[in-house]
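Me: Got a minute to walk through this one with me? I'd like to go from the whole chain down to a few spots.

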Amino acid sequence: MTFPKRRTLRRRAALPGAVLAIGALTLSGCGDGEGGGGGSAPDEASLSGDLAEVYDINAQPADALQEGGQLTLPIGHLGPNFNGLTNAGNAQDTRQILSAVHTASAWRLDPEGDYVLNEDYFLSAEQEITDDGVQLLHYELNPEAVWNDGTPIDFETYEHTLAIRSGDEEGYDLVSTTAYDQVESVEQGEDEWHFTITMEEMYQPWQSIFNGGSQGDSPIIHPDVDTPEEFNDGFVNDVRPEFLAGPFTVDTMDLAANVISLVPNENWWGEAPVLDRLNFATYEASATIPAFQNGEIDATSVATRPRYEELTEWSEDGYDIRRGQRMATCGFVLNGDATNLDDVAVREAIFRVLDRGQLAAIQFEGINWDEETPGSWLMMPFDERYEDAYPVEDDDPEGAEEVLEEAGWTFESEDDEFRSRDGEELRVVFNTFGDDPINQAMVQAAQSMAAGAGMNLDVNNQGAGQFGEVVGGRDFGLVNMCYGKAGADPTSAPNQFYSTGDGNLTGLGNEELDDRISELFGIEDDDERFAEAQALEQEALSEYFHYLAYANGPVITAFREGLANYGPSLFETTDWTQVGWEDDAGHDGTDTGVDVEELEDTDPEDADEDADEAEDTEAEEADEDADEEDADEED
């Protein structure tokens, strides 16, 4: 497969024999317009087709771009936690912002997931296996690299990062300790810019360490972020740019306007960004097309037929539509601690009763996208080593009923709509976010399917901005969500999905799986390691029925005309320094987007007070509603 190449001013060389990689998976809420409808449709494409056909960033050399201008992109929510290494901050929108302001990763990825050394931070990185089988990792740092507060990004930074990310220090809300918990020691070399890591046992892929994946945000921690309180809560409603390093930095974050505005970083030593300003603005899915039409944002998803029609019938001019493969797996995550979901029979019944093909068809109707229903969260189905791990037959209401009957969930009378056990109705809370109509149609279909077997999927809908807080805090029952893949190698994913670690949002796992997962990283042969990862997934899903995959899906996005070096890019890490507007675009983005003069920095303490007041108001309204219901019952 051949991809268009961009000309850059710096050399970025890949190490020989670098393997495909995945870091901690990022999660995002479904319901962002990745569905379907009726009417005309985009050109046909398929996940199983030529990957070059689903890669489209409008690649342009730097000398074909204007200097300056601004770009405004929509996101679903802004924070509240901006530490992407925490479970509360491990959300797609947060990490997209961080990918421009915090880029201190040893590696970037090319479109197919191969590692490329990030020479802004590292001059070399090599693996050595000694005669007695000890694995050594040798690093040489770029001495120009500094944190925004002027602190050198030297040996001390990486020693500090390893100490926290190993999990040895209690209290840190880490998404994952994978790879870092296998480090035996780290020693400084000839100076503060050289160091060597000794691994306890063989660990592969070794590039997982200090890797930001396809998102490209930083995996390292500033030395002054040195307590659990600072790490877990110090970035709530505050990006803390002094503790970051990257080509952009925060100019203004207005939580009332739901906008964060970035500008080129004066302390940045690498290639200067083309853009003068990069903005991220929060919108509900239903508001993004009007915002695009009104010039408030420069991109919007049109991955549904209604959305595609709404835009193309408005105008055929001023934008171009780019189509690509979404590098994610989407489906339902079942919280094993939630009401009734602590019963494995209920979870298995959900796996059996849902028609995954129909759910995907709702998402994809009218957008000319064809894919087989995925059964794995670890790898993309176009990978020749992919295996379907779905543990039972789906669209099997009779099988679901049998499982429930055996577990004691029955209809207590002929008039009952839902099953019950010991007087308790078989109710499962289905948490949803936002107002996307396609997602709502999918939710209603799932409810109907479950009801056919006597299960009540009770919807609790909240605003899109609540997604990170609810999911990060595991305050959900069943939730529809997508995990973006940080690379093509599945080795790290079983630890996040199927171990007993904090990254597993279902709370389901066991020590035997933990032991096998830990041994996975010692398998040096890629094919053997990938096969074992998939065997672990099959065993975990068959025992716990906790991660239900139904789609990968496309990315179909409208961009304002002339935007270059940004769009559907498979695994490729976005280089924000190269994103800009073509010379012949006829605009530089300053005539649309955010009016910076109207933005005002939010004090984090004020944001906390506003959130507390909002919670108090919601509680008061809930009490009033309850009082009204009691009064109605008395009447």
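Reply: Sure, here is a run through the overall picture, some strands and two loop residues.

Me: Before anything else, is this experimental or predicted, and what's the average pLDDT of the chain?
Reply: It's a predicted model. The chain averages a pLDDT of 87, and 88% of the residues score at least 70.

Me: Where does the pLDDT drop below 50?
Reply: Residues 31-40 are one such stretch, with pLDDT below 50, although the model gives them 47 contacts beyond near neighbours in sequence. Another is residues 611-635, where pLDDT stays under 50 and the model has 1 contact beyond four places in sequence. Where pLDDT is low, the predicted coordinates shouldn't be read in detail.

Me: OK. How many helices and strands in the chain?
Reply: 14 helices and 25 strands.

Me: And how much of the chain is buried?
Reply: Of the 635 residues, 59% are buried. The accessible surface comes to about 24900 Å², and carbon and sulfur atoms account for 39% of that.

Me: What share of the contacts is between residues 24 or more positions apart?
Reply: 76%, counting contacts with a separation of 6 or more.

Me: Let's do sheets. What's the strand order in the open one with β6 in it?
Reply: The order is β6-β7-β9-β8, 4 strands with antiparallel pairing. β6 (122-129) and β8 (183-188) are the edge strands, each pairing on one side only. Neighbouring strands there are turned by 15° against each other on average, ignoring direction.

Me: How many bridges between β8 and β9?
Reply: 5, in the antiparallel sense, with β9 covering residues 194-199. As for a specific pair, Glu-187 stands opposite Thr-196 in β9.

Me: Which strands does helix α2 lie across?
Reply: α2 (residues 155-165) lies across β6, β7 (135-141), β8 and β9. Its angle to β8 is about 165°.

Me: Switching to β12. Is that strand mostly covered or mostly open?
Reply: Mostly covered: 5 of the 6 residues in β12 (277-282) are buried.

Me: What does β12 pair with?
Reply: β3 is one partner, parallel to β12 over 6 bridges, and in that pairing Ile-75 stands opposite Thr-282. Strand β11 (residues 259-264) is another, running antiparallel to β12 with 4 bridges. Leu-262 has Leu-278 in β12 as its bridge partner.

Me: Now the loops. Where does Gln-60 sit?
Reply: In the loop between β2 (45-46) and β3 (70-75).

Me: Why does Gln-60 count as buried?
Reply: Because its relative accessible area is 17%, and the cut-off for buried is under 20%. The side chain of Gln-60 also makes a polar contact of 2.9 Å with the side chain of Asn-58.

Me: And Glu-561, which loop is that?
Reply: The one between β23 (554-560) and β24 (563-564). Glu-561 has 42% relative accessibility, so it counts as partly exposed.

Me: What does Glu-561 touch, leaving out residues up to four places away?
Reply: Gly-318, Tyr-319, Asp-320, Trp-581, Ala-585 and His-587. Take Tyr-319: that residue is 242 residues from Glu-561 in sequence, yet the two are 4.1 Å apart, C-alpha to C-alpha.

Me: Nice, that covers my list. Remind me which stretches to treat with care?
Reply: Residues 31-40, with pLDDT below 50, and residues 611-635, where pLDDT stays under 50.

Conventions
Residues are numbered from 1 along each chain as its sequence is written. This is a predicted model: local features need pLDDT of at least 70, side-chain atom pairs count only at pLDDT 80 or more; totals for chains, interfaces and linings use all residues. Side-chain values use heavy atoms; hydrogens and water are left out. Helices (H or I, at least four residues) and strands (E, at least two) are DSSP runs, numbered from the N terminus. Buried means under 20% relative accessible area, exposed over 50%, partly exposed in between (1.4 Å probe, protein chains only). A polar contact is a pair of N or O atoms within 3.5 Å; within protein, one must be able to donate a hydrogen and the other to accept it, and residues adjacent in sequence count only if both atoms are side-chain atoms. pLDDT is the predictor's confidence in each residue, from 0 to 100. Contact means heavy atoms within 4.5 Å. Accessible areas come from the Shrake-Rupley method with a 1.4 Å probe; for residues, only the protein chains shown count as cover. Two strands pair if DSSP finds at least two bridges between them. Axes are lines fitted to C-alpha atoms, for helices over the stretch in contact, and angles run from 0 to 180 degrees between N-to-C directions.
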